[in-house]
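Me: Got a minute to go through this one with me? I'd like to start with the cysteines.

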Amino acid sequence: MTVTASSLLQTYGPRDSMEYDLVIVGGGPAGLSAAIHAKQLAQKKGVTLSVCVLEKGSELGAHTLSGAVMDTRALEELFPDWKQRQAPLHTPVTEDEFVFLTHNHAFKLPHWLLPPNFKNMGHGAPHYIVSLANIVRWLGEQAEALGVDIFTGFTASHILYQPDGSVGGVITGDMGLDREGQPTEQFGLGMELRAKYTFFCEGARGHLGQQLERKYELRAHCASQSYGLGIKELWEVDPAQHRPGLVMHTAGWPLDRSTYGGAFLYHLENCQVAVGLIVGLNYQNPYLSPFEEFQRYKTHPAIRPIFNKGKRIAYGVRTIAAGGLTALPRVVFPGGALLGCDAGFLNAARIKGSHAAIKSGMLAAVAAVDALQAGRQNDALEAYPKAFKNSWLYDELYQGRNFKAWMGRGLLQGSLMVGLEQKLLGGNVPWTLQGPCADHTYLKPAKNYKPIDYPKPDGILTFDRLSSVFLSNTNHKENQPCHLVLKNTQLPVDVNWAQYAGPEQRYCPAGVYEFIPEALDEEKKTETDENTAQESSTTAQKSAAPSSQRMRLQINAQNCLHCKACDIKDPKQNITWTAPEGGGGPNYANM
């Protein structure tokens, strides 16, 4: 029987607490930039300001993953001397290509036809191909030098509310609970971090951000957020195939015309190439597997040669908030604010979010410091959304506000209309299209489709889930409560398996979800986690229609890469992603 939070407090409490002016949940670009700019402003005003950043990863950057081509406009505002500070931006963009793919052919779009928002050279501030994880580590060094307290390996598991209903901070996760929620010898009660203002910067689909949106009805006047699942590998390639500074984006194959998505290849320094595929999670076919589509992408005749004689060195996945301006919720509430991808500031039309995250962090920091200096606390920082409305970030998102809505109408029509809006009219059109519905509503019953026969991985160019997860350095303590919570334990079998052929085992890119027959003998049921994970890595490739045999859903939570695709795509919204014990998850090195 699981021990309740109240009983834990009675036995081990009360919780220790620390008080800050500003508590920031999430040590990514948005959170660290907010912390840095708040400290910069405090120094300039000659006031004392206490700031802490809470990061669930084992270290800063451990959970940070992006393509990434970085627009340096916001970084230059935060640190005009970023080059002198040796920020890890080493590879400026020198070539820009956009390619449409069919099954066997590639058609390069002339550079002069590209709208300005698709260009990465000669368009505003310089653009660099970067490892965002390394950028985050560098930002952390700058923050600590300014006196920011950074706590890594600690989750924010609960929101602290004041008696008046405002946010007053967060509670870190309890440590040392076993699978049943019982305290072990290593048990430690979570701590209260109390704040005058709390910023939530958890990335796309933040689990606390979702709670705040519901409590304060932050999405009452905006479109549903729409997400894309990004799958990325980092390769060391043959020097003969390496073109440092090349940015290539592709559209079309392997996705069909009705499925939103696209791929990228970014040539970094040291003969490294980042390759990835983004698949919109509003796809309809339950047999579609984003992971297998990505593996298939690398086999295209125009793509395969890049990886000949190469070696895959890293793997990771992440969801991105792609709804744009029309899907932005109200970003402030009593006591705090949503920043970065927790709000959805990413510009899907440009496939860029780091500059938007940094800028949102800076705007929120200004509002918080001004409020604190005026003696205020725990109210809504209305100056933050007002400043955003008057910023270049708003103008940029406004110009691309129809991108996702157009692309949701198909590749050909979407590409044509986006091109017309952006190339001919610069995005300044008198119409705003209605945004898409929530992604989980689009999945259709399996009876409407045929299973997709994905090729078996060869272990050289294409790979299975298990070997991929291994490269992400993912680790969770096995003896802890499952952080993937089913609201109804029967729905996966009675609905997902029966109607949708078990889509969990395909949309998850880490082999977390596996449907197995209930009749398996006890020896089979008690296989090691490693063997179970290996089975799940091949289950998605056997996309057979559901049989009449009774199945059960097995959750291999130790494989979880924290992408949150399950929380987004589950057709009945039966899966809730919660933060596991601090320090668990992937450990990305150069992603």
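Me: Is cysteine 201 buried or exposed?

Reply: Cysteine 201 is buried, because its relative accessibility is 8% (buried means under 20% relative accessible area, exposed over 50%, partly exposed in between, with a 1.4 Å probe and protein chains only). Keep in mind that this is a predicted model: local features need pLDDT of at least 70, side-chain atom pairs count only at pLDDT 80 or more, and totals for chains, interfaces and linings use all residues. Residues are numbered from 1 along each chain as its sequence is written, and side-chain values use heavy atoms, with hydrogens and water left out.

Me: ok, and how many disulfides are there?

Reply: Zero, taking a disulfide as a pair of cysteine sulfur atoms within 2.5 Å. For cysteine 201, the nearest cysteine sulfur belongs to cysteine 341, 11 Å away. Cysteine 560 is in no disulfide either; the sulfur of cysteine 566 is its nearest, at 6.3 Å.

Me: Where does cysteine 560 sit, buried or exposed?

Reply: Buried, because its relative accessible area is 6%.

Me: Switching to sheets. What's the strand order in the three-stranded open one?

Reply: The order is β3-β7-β4, with antiparallel pairing. Strands pair if DSSP finds at least two bridges between them; helices (H or I, at least four residues) and strands (E, at least two) are DSSP runs, numbered from the N terminus. The edges are β3 (69–71) and β4 (91–92), each pairing on one side only.

Me: How many bridges join β3 to β7?

Reply: Three, with β7 covering residues 127–129. In one of them, valine 69 partners isoleucine 129 of β7.

Me: Now pockets. How much space is in the second largest one?

Reply: About 650 Å³. On a 1 Å grid over the protein atoms alone, a pocket is an open set of points where a 1.4 Å probe fits, with protein on both sides within 12 Å along at least five of seven lines; lining residues have an atom within 4 Å of a point. Points are joined across faces, edges and corners, and the volume is the space filled by probe spheres set on them.

Me: What lines it?

Reply: The lining has 32 residues, with Phe98, Phe100, Phe118, Met407 and Ser415 nearest the centre of the pocket. Helix α13 gives the largest share, nine residues.

Me: And by class?

Reply: That lining splits into 24 nonpolar, seven polar and one charged. Nonpolar is Ala, Val, Leu, Ile, Met, Phe, Trp, Tyr, Cys and Pro, charged is Asp, Glu, Lys and Arg, and the others, Gly among them, are polar.
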